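Work through the exercises below with the model open. Try each task before reading its solution.

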Amino acid sequence: MDRIFRGIMKYRRTNRVKMVEQFIQVKNRPEPKALFFTCMDSRMLPARFTDSNVGDMFIVRNAGNLVPHSRHFQDEYTSCEPAALELGCVHNDVRHVIVCGHSDCKAMNLLHLLRETEYSNIANRRMSPLRSWLCSHAMSSLEKYQQLEVAGFHAPLIFQAETPLRRISAYIDPDDKLSVTDKLSQVNTLQQIQNIASYDFLKKRLEAYDLHIHALWFDIYTGEIHYFSRQNKQFVEINEKNVNRLVEEVSKYYC
Ligand SMILES: [Zn+2]
């Protein structure tokens, strides 16, 4: 807590006045343009690496950047992620939902370990909320990853996108540079697109091309951020060489 208190003192000296000015600028009626789901990992600082500011985006963080599929939604057993989707895309006019995974994800490492254990054993799951969270909401990612293994990592994986008629074809790490768990993390990030699109309350906007779902992947080892390009069918690094092309791709697919 000492570190937190000293951090707050520094904030008061440096950023507080500027932030209050920004609050006034958005007139206490912020209109965020994006809803950003990412992992709770302490190395992930989305506001910093996207250079976003007061009022720019909603951020939701959890272990493994998961968004539960709508089939798990029951009145009294919901989780915060669907509520955030509703708040952002129904009560606010967010047009871009972004899921951002990352390398060396501890939740993905555990998910990969769970395949070796009796993860379906209810008694085991009740011992650990984290295992239960992953068993309930990340098994679909693991199943997709297993499809990739069976295909020898050469065939593309197919994910449903915004509507059942729109599909994403994805080659995961075609140069075979990533570890097994980092490959799984990329699969998991794309799987969340399918999960987000499963909510009925988003259907109209998704069908009308008024709401778009994107995947980013942050490489902890290099600090580089990768965008899943539907045109390239893989994650591509966002850099000076291709940023304009990616902006063009996004405006072509999602205008
Ligand atoms: Zn993580």
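The exercises go from the whole chain to a metal site and then to one loop residue.

This is a predicted model, in which local features need pLDDT of at least 70, side-chain atom pairs count only at pLDDT 80 or more, and totals for chains, interfaces and linings use all residues. Residues are numbered from 1 along each chain as its sequence is written, and side-chain values use heavy atoms, with hydrogens and water left out.

**Exercise 1. Describe the chain as a whole.**

Step 1. Count the elements. There are 11 helices and eight strands. These are DSSP runs, numbered from the N terminus: helices are H or I with at least four residues, strands are E with at least two.

Step 2. Check the overall dimensions. The radius of gyration is 19 Å, which agrees with the value near 18 Å for a compact globule of 255 residues. The radius is taken over C-alpha atoms, and the globule rule is 2.2 Å times the number of residues to the power 0.38. Along the principal axes, the C-alpha atoms fill a box of roughly 55 × 45 × 40 Å.

Step 3. Look at burial. Of the 255 residues, 44% count as buried. Buried means under 20% relative accessible area, exposed over 50%, partly exposed in between (1.4 Å probe, protein chains only).

Step 4. Look at contacts, meaning heavy atoms within 4.5 Å. Among those between residues at least 6 apart in sequence, 63% join residues at least 24 apart.

**Exercise 2. Find the donors of the zinc ion and place them in the chain.**

Step 1. List the donors. They are Cys39 (SG), His102 (NE2) and Cys105 (SG), at 2.0 to 2.3 Å. Donors are N, O and S atoms within 2.8 Å of the metal (3.2 Å for Na, K and Ca); water is not among the atoms, so sites may look incomplete.

Step 2. Read the spacing. The donors follow C-x62-H-x2-C.

Step 3. Place the two cysteines. Cysteine 39 is in strand β1 (residues 34-39), while cysteine 105 is in the loop between β3 (96-102) and α5 (106-114). This pair, 66 residues apart, links distant parts of the chain.

Step 4. Check their accessibility. Cysteine 39 is buried at 4% relative accessible area. Cysteine 105 is buried at 2%.

**Exercise 3. Work out the surroundings of aspartate 219.**

Step 1. Locate the residue. Aspartate 219 is in the loop between β6 (212-218) and β7 (225-229).

Step 2. Is aspartate 219 buried or exposed? Its relative accessibility is 11%, so it counts as buried.

Step 3. List its contacts. Leaving aside neighbours within four places in sequence, aspartate 219 touches Ser103, Glu224 and His226.

Step 4. Compare sequence and space. Aspartate 219 and aspartate 104 are 115 residues apart in sequence, and their C-alpha atoms are 8.2 Å apart.
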